[in-house]
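Colleague: Could we go through this model together? I'd like to hear the reasoning behind the labels you put on it.

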Amino acid sequence: MDVKGFLVTNGPGLLCSLSIATISWMLVESIDALSVVGAPILSILIGMAAFAVCSGSDMQVPKTSFASKYVLQFSVVLLGFGLNLRTVMDVGLTSLPVIVSTISTSLIMAYLMYRLLRSDPKTTTLVGVGSSICGGSAIAATAPVIKAEDHIIAQSISVIFLFNVIAALVFPTLGTMLGMTDEGFALFAGTAINDTSSVTAAATTWDSMHGTGHTVLDSATIVKLTRTLFIIPIVVVLSLIVARKESEGSSMGDYVKHAFPKFIAFFILASLITTVTTSILSGDALSVAEDCFSSLKTVSSFLISTAMAAIGLNTDVVKLVRTGGKTLLIGGVCWISIICMSLLVQSILGIW
């Protein structure tokens, strides 16, 4: 590998992306009001603002393809260290009916809207997957598989972000008006809000309103983690579809090579390492391991912010707004369908 050539080509863009991610991270940590936004979203917004400034002057935006592609994939791998499959299985199984029904409904609605509006298939896929599973993390895992361009990723994440913020602000009051139980609201927040920061914000607000300590926050987080696991089957299915199209007339070896992305395999491996390690250790050793996995999860969040900054630096916000009508409509339909399905299934099961 030509290290000097790599640094000359990708260094400035990577440095800019890291700088924006650091600024976003510090702002979110120091300003409580920004916690509902989260560092990844703030990074992509700052990146788009920087692109707009550079476009209106003689400055040139540095190349950011390395950060927007490979850093993004690596962040997804590290995300796996935050998934303890045993905990998810022990606590999250009760939420499976709601999770499966909401994910299925959102994906079906995204497909129907794609057929109805003749929208861009990559954009529709990212909005459908992001709405149904876990927002930015799902989009980060899916985008490399379907080879989505940066402006498509930015548009999809922006739409998901809009409805996340609305949900974080409105859901606690809505849940109270509907007379939801603590368990019901935890399921509602965990299934109908996508981004972790927004789920946390809504659940924390509920706990504050109803004096429930951290009960709802803990439960909603488990539901969110359980949803995150569905990244695996969704990405595998999409990989098979893409590989089938790209390998027409090719050998079986080429098909298999393209059918399963390596970074998802490492994501699964990371989850298994966390699960096995925390199962066999105890005492101080367990505490050290948990601290290590928590740190890796934090690094993952920072790297996602770095990748989002890189994507923002390559996105024309004016063009994004001008062409985003269909994407906004698809995101709204998916979001509303998830809300309705979550409430319906909870009502049927007697949880609400």
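Modeller: Happy to; bear in mind that this is a predicted model. The largest pocket has a volume of about 990 Å³. Of its 42 lining residues, Pro40, Asp195, Thr196, Ser197 and Ser301 are the closest to its centre.

Colleague: What makes a residue part of the lining of this pocket?

Modeller: A lining residue has an atom within 4 Å of a pocket point, so the 42 residues pass that cut-off. At least two lining residues come from each of α1 (3-30), α2 (39-55), α7, α8, α10 (196-210), α11 (215-228) and α15 (283-312).

Colleague: How do you know that α8 reaches close to its expected span?

Modeller: Helix α8 (residues 150-177) has 28 residues, and the expected span uses 1.5 Å times one less than that number, which gives the 40 Å expected; its C-alpha ends are 40 Å apart, so the two agree closely.

Colleague: Where does α8 bend, and what follows the helix?

Modeller: The bend is about 45° at Val170, with Pro172 following within four residues. After α8 comes Gly179, with a positive phi near 70°.

Colleague: Why is the set of 55 residues called a nonpolar core?

Modeller: Its members are buried residues of nonpolar types joined through side-chain atoms within 4.5 Å, so the set of 55 earns the name. Leu126, Ile133, Ile153, Ile231 and Met308 have the most contacts inside this core. Helix α7 (residues 136-146) gives the largest share, seven residues.

Colleague: Which residues does Ile231 touch?

Modeller: Leaving aside residues up to four places away in sequence, Ile231 touches Ile133, Cys134, Ser137, Ala138, Ala141 and Ile264. A second, separate core of 22 residues includes Val159, Phe163, Ala186 and Trp206.

Notes. Residues are numbered from 1 along each chain as its sequence is written. This is a predicted model: local features need pLDDT of at least 70, side-chain atom pairs count only at pLDDT 80 or more; totals for chains, interfaces and linings use all residues. Side-chain values use heavy atoms; hydrogens and water are left out. Buried means under 20% relative accessible area, exposed over 50%, partly exposed in between (1.4 Å probe, protein chains only). Contact means heavy atoms within 4.5 Å. The bend at a residue is the angle between axes fitted to the seven residues ending there and the seven starting there. On a 1 Å grid over the protein atoms alone, a cavity is a set of points where a 1.4 Å probe fits but cannot get out, and a pocket is an open set with protein on both sides within 12 Å along at least five of seven lines; lining residues have an atom within 4 Å of a point. Grid points are joined across faces, edges and corners, and a volume is the space filled by probe spheres set on the points.
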